[in-house]
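Colleague: Please take a close look at the packing in this model. Set out the cut-offs as you go.

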Amino acid sequence: MSEPQSVKSSEAPTSVEDSNAPQRQGDVLKLQIFCKKFNNIGEKAKTEWFNSEVKSNVEYTLDAATGKARYVFVKFKSAADTAQFKNDIAELKFKGAELDIHDFYGGDKSKRTRKARCETEERAALRKKRRMENITLKEMREKAKYEKDKTLLEKSAPLFTYSYAEQLRLKEQFIMHAARNFTREVKAHCEKRQYPFPNWARVHKNKPGCTVHEIVGSPETNLEGYRNKCEFTIGYSDFQCSKPEVGFVRRVEGHELLIESGKALPHIPACMKAIEGELRKLVLENYDQVKPFSRHQKKGTWRQVMLRWSPSRDQMLMVVMCCEPYELATNIIKTWAESAANKSLPVPVSSVFMQTNNGVCDACDMKAEDLHHIYGDTRVMMDMLGLEFPLQPASFFQTNVVMCKKLYTMAVRLALTGSPDGDDLPKLEELDSAKMPAAVVDVCSGVGTITQVFASILGPKPDGKPRVYGLELVPDAVEDAKASARANKLDSSVRFIAGRAEETIEDVIKEACSDIQGGQKLTVIVDPPRYFDA
């Protein structure tokens, strides 16, 4: 290997034409070598690495670039030297990372030969393919922040551009990353508070100490149209606010949300797309009286519509968000809800609320004082694993009912039998009484879905006390949970408590474990995973 040095040819070119000949013929006299780990070292370190690791008899000049650039330049006297050098370092790696070698022409691109241009384009395409194969969900989200010309599908449902097998791989990778971070945070929290931390909070060889089961895929029949809740924005498709539209935000331009119809989105069910079309007609027909809200002009009425669908009962709840005053908008929506146009829909709207929002942002809490019921029932009824749950506008419920049933079944089986395998919920007589939990506590229980699934299997304790507890911060959700427990005849098996989990869990655990016997344990359900002081 020769030491990096600058070398000038001893024979001067005889003419200008001869001096320009190599470039005109497409000869490559310079390489640009990229490596993702070059950005962690400086110019001196890169030069020392080349001197010690590159084994080549070719004479070259190394320009390691200033600062911590991810590339270096290498210059040669002839195209033959360039080709030989590329072969010599083809298998070379820097700290385990591959080198990405590019022919560097510089100057006028027209001087490249067609063959050289094709080679460069092929390398670029291969590099992009490799990058997309190794992309993570986190990188995808970061990348999306800076991409303005994305389609609505790429923006609202980016994973649909991948095969389902690839979607599962990306999600599994994301879950493993989240599990590692979560267990690290638990460990750091315990060390800070001087608590003993459990073994599952230890990260070993970049793997979380807790068990992460294999990712569960959705049935093929449930890959599209699975959402039971959607939010449609009412706005404009142009910045001049001259073309009203109902759909989803395509992009933001000058504080204005530019809207595009969601009819091409695969995860939106057909019954909701039909309602989107009806809303578009209403907005256009009444445009002279009631206009959509403009974010940069700060005027208008229509803002957003939330739909919640009960697939098993064909019920649809609608919340229409408007700026005040919205008496005209209320009359328009109520008249439509009572008309044949609504009743002829695949799933007619059975409940309508109007919501006040005079703020700048569409995102706001559904407070009772801001909601006004104007049509139909006040709730929709959701069915889950043989139980029914009445939902009001602010109630939380899983958006994918099919997968929710599947995951709940696995979680319940894992908690009660030790194995997630099986298609049906276990029965009480099938359980080992010695291994059965003394009690189950569902932290952040919402409307009490999985809480009541446990209660339906375990029933009350022998002394009549509940065996299952649900802790929830939102009082309305607790009231809904209690109502559904009464409807499901489980009010003696489950108890719901309103309040912050940090403040209530200690008393609940004492009550739940007051009669614990032998090797019985307390089972705690936390969805999604989190930690808190208790």
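Modeller: Buried means under 20% relative accessible area, exposed over 50%, and partly exposed in between (1.4 Å probe, protein chains only). The model is predicted: local features need pLDDT of at least 70, side-chain atom pairs count only at pLDDT 80 or more, and totals for chains, interfaces and linings use all residues. Residues are numbered from 1 along each chain as its sequence is written, and side-chain values use heavy atoms, without hydrogens or water.

Helix α12 shows the first of these terms in use. Helices (H or I, at least four residues) and strands (E, at least two) are DSSP runs, numbered from the N terminus. α12 spans residues 449-458 and is mostly covered, with nine of its 10 residues buried. The run Thr449, Ile450, Thr451, Gln452, Val453, Phe454 and Ala455 is buried, as are Ile457 and Leu458. After α12 comes glycine 459, which has a positive phi near 70°.

Now the core. The largest nonpolar core (buried Ala, Val, Leu, Ile, Met, Phe, Trp, Tyr and Cys joined through side-chain atoms within 4.5 Å) holds 36 residues. The members that touch the most others are Met272, Trp302, Met316, Met318 and Ile333. Two or more residues each come from the helices α8 (270-285) and α9 (327-337), and from the strands β9 (229-236), β10 (244-253), β12 (302-310), β13 (315-322), β14 (351-356) and β15 (371-376). α8 supplies the largest share of this core, six residues.

Methionine 318 gives a detailed view of the surroundings. Leaving aside residues up to four places away in sequence, its contacts (heavy atoms within 4.5 Å) include Ile275 and Leu279. They also include Val305, Met306 and Leu307, then Trp336, and finally Val349, Ser351, Val352 and Phe353. A second core, separate from this one, has 35 residues, among them Leu317, Met382, Tyr408 and Val494.

α8 and α9 also meet each other. On the α8 side the residues are Glu278, Leu279 and Leu282; on the α9 side they are Ile332, Ile333 and Trp336.

Some loops need a note on the backbone. In the loop between β13 and α9 sits proline 325, joined to glutamate 324 by a cis peptide bond with omega of about -5°. Cysteine 241, in the loop between β9 and β10, has a positive phi of about 60° without being a glycine. Cysteine 241 counts as buried because its relative accessibility is 9%. Lysine 95, also not a glycine, has a positive phi of about 55° and lies in the loop between β4 (93-94) and β5 (97-98). Lysine 95 counts as exposed because its relative accessibility is 54%.
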